[in-house]
Each structure stands twice: as structure tokens, then as C-alpha cells.
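Here are a few exercises to work through with the model open beside you. Try each task before you read its solution.

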Amino acid sequence: MCDDTIERKVDITTSVMNKNDRFAAENRKLLSEKGIYTLNLISSPGAGKTTVLESMARFFGSRMAVIEGDVQTRRDAERIEKAGCQAWQIETGGACHLDAHAVNHALDHMDLDPSELELLAIENVGNLICPSGYDLGEDMRIGLLSVPEGDDKILKYPSLFSSINVLIINKMDLIPHLDFDVDRAIEECRSLNPDVQVFTVSARTGEGIEEFCTFVESSYS
Amino acid sequence: MHELSLATDMTRIIGNALGRKVLLDRVNITIGPLSGISPESLRFCFTEVARMAGFGEPELVINLTRAKLICLECNTEYEAKDFYQGCPGCGSISRRILSGREFTVDSVELEEGSD
């Protein structure tokens with residue numbers, strides 16, 4: 001006679017993210033077969049993701065394509081197209097993050113075959129928490145922090161900043177007006193993530209952008 | 001607020017594992033401090049999602065783990081639920097995270113007489 005509690009207990013031991021992770025693996029396989037290196041760009045709303053991507057679009061031109069994730073509107077995709085890149089907009093309709101399935105669907109609609117195409121940048125929905133748990137199939141995860149947000153944000157959002165390969169500190173042109181301590185932000189990010197690469201940029205003035213783009217380029221070539 | 005979609009994923013995983021809809025007494029899960037999940041939001045969403053999915057009103061039992069870290073100065077291994085404290089051995093915040101992202105459905109307990 002078995003113990004009743006044991007009989008009624010069913011072992012499951014399954015990662016809740018397993019479905020997302022399967023789509024992420026599929027995306028990664030498809031993109032690597034096409035020779036496309038993929039970035040996942042994550043920040044809070046207004047940190048300057050689209051402005052950074054516009055300046056990257058001017059550097060990479062038709063070598064880069066962009067997936068824009070937003071709750072609503074095609075505005076960001078239009079900005080990227082104007083800057084010279086193919087762009088696909090995902091309107092999440094309220095969801096606070098992109099998942100690998102949404103990206104998989106976007107890839108179906110994009111032209112991934114141009115021979116010059118070598119880079120796909122995915123702009124996630126502006127949010128420092130929810131996107132951090134979702135692998136999209138990217139090769140490089142980039143966290144963007146802008147100086148008006150404050151230098152204390154890294155340890156407040158460890159799920160994101162511990163998972164990034166690259167930290168971009170943006171809006172450096174505002175540093176003279178703010179108390180943001182760049183060294184503190186970098187030290188705290190390295191405390192979660194000792195291998196993180198850091199770039200200080202101003203997408204508005206262009207400071208640091210070429211150095212960052214050259215680094216991205218060297219990561220796959 | 002992605003806990004609603006995570007709660008839906010949890011019921012999908014439970015449904016697939018059991019192969020049928022049965023009333024549940026308890027659902028046991030594990031959440032790490034780097035999973036980006038708010039346990040209380042998840043509990044709030046899961047209660048509703050589980051009921052609507054036909055699993056009754058199971059209690060959600062959450063095993064909150066601590067992150068495992070290794071100090072890069074003195075090699076001490078330690079655990080933490082946030083990242084504000086340095087190494088208990090030498091105080092350094094130079095460290096590598098070994099674990100803390102887990103988010104699993106561990107097991108479920110069926111309501112008596114539901115099978």
C-alpha cells in the first residue's frame with residue numbers, strides 16, 4: 001500500500017521557459033545558417049535604443065536589418081527605414097517584452113537573403129525586468145542605460161544586468177549636468193557580470209558610436 | 001508584468017504532464033532571484049489562470065532560492081538573495097554568479113478523489 005501523499009504527488013521538474021527556449025534555438029539556427037549575427041537591445045523606455053539603432057543604421061547601412069518591438073505604432077520602424085535599414089515592427093499590443101516566438105514570426109516576414117545582410121538588431125520593448133528572462137536567439141545581449149536614469153539602476157535590476165554581454169551607457173553628453181557616477185555603474189555591472197564589455201556613448205552627438213559599431217563588427221567577422 | 005503569460009505557461013506544462021484536467025491541491029515551483037519574476041504577482045495571476053484552466057484552486061507553493069556566487073578575490077562561495085552585499089569573507093563585490101535564474105514547475109499534488 002503506497003503512501004497516499006506520494007501517490008497523489010506528480011513530479012514535473014520542467015523549466016517554464018522551455019517553449020520559449022525551443023523557439024530561441026530555432027531562431028539561432030536559422031540566423032546562423034544565413035550568416036546573420038543577432039543583437040538583443042534592452043533598456044528602459046526613453047534610454048535611447050532607437051536613437052542608438054539609427055546611428056548604427058548609418059554605420060552599417062543595408063548590412064543591418066532591425067526588428068522593432070513596441071507596445072504600439074510603427075513609428076520606430078519608420079525611423080530605422082529612414083536611416084537606411086530594412087525594419088520589421090512587432091506591435092506587442094500590451095505585452096511588456098518580446099519572446100522568441102514573436103521574433104520567429106517576424107523572421108518569416110523579413111528578407112534574410114540579401115548577400116550583404118550580416119547583422120540583425122532586435123530592439124526589445126522598453127522594460128528592465130520582463131525582457132531579461134526571454135532568450136530570443138541572439139548572439140549578443142546589450143543592456144542600455146542612460147545617465148538621466150541614475151547610476152543606482154544596475155543592482156536594482158540584476159536579472160537584466162547579470163545577463164548582458166555589453167553595457168552601453170548612453171547620453172554621455174548630459175554628464176556635466178548630472179551626478180551619474182560612471183565608474184560606480186561599471187563596477188556594479190562587473191560585480192554581476194565580470195566579463196561585460198562597456199561602451200560610453202552619446203547617440204545624439206555620435207560620441208563612442210563608431211567604436212561600438214566596430215566592436216560589433218569584429219564580433220562576427 | 002509578464003507573470004500572467006508565465007502563469008499560462010505553467011498551466012500548459014502541468015496539463016501536458018498530467019495529460020488531463022484534474023483538480024489540484026498544490027503546485028510546487030522554484031524561483032531564483034535572477035529570474036526577473038515577482039512571486040506575489042505570479043501567485044495572483046496563477047490562482048485565476050489555474051481556475052480558468054480547470055485545475056481548481058491549488059495552493060501555489062514557491063521555493064525561493066538564493067543566487068550562488070563565487071568571490072573572484074578570495075574564491076569564497078556564498079549565497080545571496082540580492083546583490084548589495086559583498087563577499088562574507090573579504091567584502092569584495094568582484095564575483096561571478098553561478099546560479100539564480102531557475103524557474104521550474106517541480107511537482108503538483110492532486111486533490112483527493114480527483115483521480
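The exercises below concern a predicted model and move from the contact between two chains to single salt bridges.

**Exercise 1. Describe the contact between chain B and chain A: how many residues take part, and what area is buried?**

Start with the residues. Chain B brings 34 residues to the contact and chain A brings 31. Next, take the area: about 2,800 Å² is buried between the two chains, with carbon and sulfur atoms giving 59% of it. Then ask who contributes on the chain B side. B:His2, B:Tyr84 and B:Ile93 supply 16% of the area that chain B buries against chain A, more than any other three residues.

**Exercise 2. Find which elements of chain B supply its side of the contact, and sort the residues by type.**

First, the polar contacts: 12 residue pairs are counted between chain B and chain A. Now look at the elements. Helix 1 (3-18), strand 1 (24-31), strand 5 (95-99) and strand 6 (103-110) of chain B each give at least two residues to the side that touches chain A. Helix 1 of chain B has the largest share, with 9 residues. Finally, sort that side by type, and you get 17 nonpolar, 7 polar and 10 charged residues.

**Exercise 3. Work out how strand 1 of chain A and strand 6 of chain B run relative to each other: parallel or antiparallel?**

Follow strand 1 (residues 9-15) of chain A alongside strand 6 of chain B: the two run antiparallel and are joined by 5 bridges. To find your place, use A:Asp11, which stands opposite B:Ser107.

**Exercise 4. Locate a salt bridge that crosses between the chains.**

The rule finds 2 salt bridges across this interface. One of them joins the side chains of A:Asp195 and B:Arg96, at 2.8 Å from N to O. On the chain B side, B:Arg96 is partly exposed, with a relative accessible area of 33%.

**Exercise 5. Explain why B:Glu40 and B:Arg43 are separated by about one helical turn, and say how exposed each is.**

Begin with the pair itself: B:Glu40 and B:Arg43 form a salt bridge, with their closest N and O atoms 3.4 Å apart. They are separated by about one helical turn because they lie 3 residues apart in helix 2 (residues 39-52) of chain B. As for exposure, B:Glu40 is exposed at 51% relative accessible area, while B:Arg43 is partly exposed at 29%.

For comparison, try B:Asp9 and B:Arg12, whose closest N and O atoms are 3.7 Å apart in a salt bridge. This pair is also 3 residues apart, in helix 1 of chain B, so about one helical turn separates the two.

Definitions and conventions
Residues are numbered from 1 along each chain as its sequence is written. Chains are lettered from A and ligands numbered from 1 in the order in which they are written. This is a predicted model: local features need pLDDT of at least 70, side-chain atom pairs count only at pLDDT 80 or more; totals for chains, interfaces and linings use all residues. Side-chain values use heavy atoms; hydrogens and water are left out. Contact means heavy atoms within 4.5 Å. Buried area is the accessible area (1.4 Å probe) that two parts lose on being put together, summed over both. A salt bridge is a side-chain nitrogen of Lys or Arg within 4 Å of a carboxyl oxygen of Asp or Glu. A polar contact is a pair of N or O atoms within 3.5 Å; within protein, one must be able to donate a hydrogen and the other to accept it, and residues adjacent in sequence count only if both atoms are side-chain atoms. Helices (H or I, at least four residues) and strands (E, at least two) are DSSP runs, numbered from the N terminus. Ala, Val, Leu, Ile, Met, Phe, Trp, Tyr, Cys and Pro count as nonpolar, Asp, Glu, Lys and Arg as charged, and the others, Gly among them, as polar. Two strands pair if DSSP finds at least two bridges between them. Buried means under 20% relative accessible area, exposed over 50%, partly exposed in between (1.4 Å probe, protein chains only).
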